[in-house]
Amino acid sequence: MRSNNITTLTDFILEKGNNHAEATGDFSRILNDIALAGKIIHREINSAGLGELLGASGVTNVQEEEQQKLDDYADIQFINALKMGGKVAAIASEEQDDILCFEGKEDAKYIVAFDPLDGSSNIDVNIPVGTIFSIFKRERKGKVTQDEFLRKGKDQAAAGYIIYGSSTMLVYTTGNGVNGFTLDSTIGVFCLSHPNIKIPVEGGIYSINEGNTELYEEGIQRYIAYCKETTNGKRTHTGRFIGSLVADFHRNMLKGGIFIYPGTTDKPEGKLRLLYECNPMAMIAEQAYGSSSDGKISILEIQPEAIHQRVPFLVGSKNKVEKALSIIQ
Ligand code: AHG
Ligand code: MN
Ligand code: MN
């Protein structure tokens with residue numbers, strides 16, 4: 001039976017806002033707008049098999065990846081929700097070549113970068129997909145230029161993701177711990193279900209696409225071999241790789257482990273994008289006492305040079321990331 005002591009996402013955000021004398025409500029509004037877009041996407045995903053939204057859209061995006069109809073749909077939902085909310089000056093999206101400035105909102109205080117639908121190639125086969133977002137407080141007013149998005153991850157005001165899985169969950173941080181909310185779809189409300197999430201310091205899961213092993217540098221190959229070692233005839237690790245970053249990350253965060261998407265010989269910078277995949281996940285990980293790296297420095301310390309920049313990505317349990325770095329380097 002469901003407890004009556006529900007803390008809704010809206011209550012939670014309001015309560016946090018009330019703790020800050022300088023809070024104007026703008027930030028709360030943005031989180032609510034993101035939650036709204038998430039609910040709309042949840043609705044479509046849960047009926048995608050019935051609708052017209054399955055399959056490729058026929059468009060190749062700026063990443064030279066085949067866009068799915070739901071990528072485009074999700075992108076429009078997020079853009080509309082943030083535009084209507086009125087508290088965001090501009091957005092950067094995986095699905096948009098360039099940043100998008102909202103007319104009449106030149107003096108809004110926040111900008112948002114997002115991956116509207118992560119893992120979208122999995123949508124047709126009923127595997128969890130997600131949305132990832134990163135919010136920055138602006139340092140100036142006036143029309144936003146691209147360089148405003150090129151800030152280090154450690155400056156993010158908030159970061160989060162929505163996972164559309166066996167249930168839909170929104171997980172976010174404002175730099176004061178990580179909290180998870182599960183969507184009760186019968187009432188259309190995100191309810192606090194995972195307060196103050198902490199990634200186990202250790203973990204037995206390693207998540208990496210081993211199909212690429214021959215394309216990884218030697219250090220990564222050494223680490224994969226290490227994960228496959230046995231002691232007393234028993235495995236030391238178990239491999240889990242879904243191919244949806246949000247789902248792989250979420251599982252590892254709750255169970256403990258490491259996710260790695262390294263560079264390959266054909267793509268030394270890896271596949272995942274710094275601004276709207278790695279930075280937000282790294283902030284969440286570090287806020288949950290985990291760790292992140294590109295193999296050299298913390299993801300949050302990287303100075304971005306382009307909005308769609310890719311970086312090698314290691315993230316997860318603190319001890320796992322440390323150990324991996326010691327073997328790789
Ligand atoms: P997106 O669907 O937003 O382009 O991201 C897909 C990403 C990520 O979710 C996942 O971890 C990775 O692609 C898997 O890539 P491989 O198929 O190369 O393993
Ligand atoms: Mn993605
Ligand atoms: Mn995507």
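Visitor: How far apart are the manganese ion (ligand 3) and the manganese ion (ligand 2), and which residue coordinates both?

Guide: The two ions are 3.7 Å apart, and aspartate 115 coordinates the pair. This is a predicted model in which local features need pLDDT of at least 70 and side-chain atom pairs count only at pLDDT 80 or more, while totals for chains, interfaces and linings use all residues. Residues are numbered from 1 along each chain as its sequence is written, chains are lettered from A and ligands numbered from 1 in the order in which they are written, and side-chain values use heavy atoms, with hydrogens and water left out.

Visitor: OK, so what coordinates the manganese ion (ligand 2)?

Guide: At 1.9 to 2.2 Å it has Asp115 (OD), Asp118 (OD) and Glu277 (OE), where donors are N, O and S atoms within 2.8 Å of the metal (3.2 Å for Na, K and Ca) and sites may look incomplete, as water is not among the atoms. Along the chain these donor residues follow the spacing D-x2-D-x158-E. Aspartate 115 sits in strand S5 and glutamate 277 in helix H6 (residues 274-287), so this pair ties together parts that are 162 residues apart in sequence; helices (H or I, at least four residues) and strands (E, at least two) are DSSP runs numbered from the N terminus.

Visitor: And which protein donors does ligand 3 have?

Guide: For the manganese ion (ligand 3) they are Glu94 (OE), Asp115 (OD) and Leu117 (O), lying 2.2 to 2.6 Å from it, and the spacing of these donor residues reads E-x20-D-x1-L.

Visitor: Is aspartate 115 buried or exposed?

Guide: With 0% relative accessibility, aspartate 115 counts as buried, a label that means under 20% relative accessible area, with exposed over 50% and partly exposed in between (1.4 Å probe, protein chains only). Glutamate 277 counts as buried too, at 1%, and leucine 117 is buried with a relative accessible area of 1%.

Visitor: How many residues of H6 are buried?

Guide: H6 is mostly covered, with 12 of its 14 residues buried, and Glu277 is one of them, as are Leu274, Tyr276 and Asn279. Just past the end of H6, tyrosine 289 adopts a positive phi of about 70°.

Visitor: Switching to ligand 1: which residues come nearest?

Guide: Out of 18 residues around ligand 1, the nearest are Asp118, Gly119, Asn209, Leu245 and Tyr261, a residue being near if one of its heavy atoms lies within 4 Å. Asp118 is also a donor to the manganese ion (ligand 2), and Leu245 is among the buried residues of H5.

Visitor: What polar side chains reach its oxygen atoms?

Guide: In the side chain of tyrosine 261, an N or O atom is 2.6 Å from an oxygen atom of ligand 1, while a polar side-chain atom of lysine 271 lies 2.9 Å from an oxygen atom of the ligand and one of arginine 273 lies 3.3 Å from an oxygen atom there. Taken alone, ligand 1 exposes 480 Å², of which the protein buries 84% (Shrake-Rupley areas, 1.4 Å probe).

Visitor: Where does ligand 1 lie relative to the domains?

Guide: Domain 1 (9-194) and domain 2 (205-328) both contribute residues to the shell, so ligand 1 lies between them; the bounds come from an automatic or database domain assignment. Strand S5 (110-118) and strand S15 (257-261) each supply at least two shell residues, and S5 gives the most, with three.

Visitor: What about H5, how many of its residues are buried?

Guide: Helix H5 (residues 245-255) is mostly covered, since nine of its 11 residues are buried, including Leu245, Asp248, His250 and Arg251. Right after H5, glycine 256 takes a positive phi of about 95°.

Visitor: One more: what does the side chain of histidine 42 touch?

Guide: Histidine 42, which is found in helix H2 (residues 26-45), is joined to threonine 168 by a side-chain polar contact of 2.6 Å. A polar contact is a pair of N or O atoms within 3.5 Å; within protein, one must be able to donate a hydrogen and the other to accept it, and residues adjacent in sequence count only if both atoms are side-chain atoms. Histidine 42 is itself buried, having a relative accessible area of 15%.
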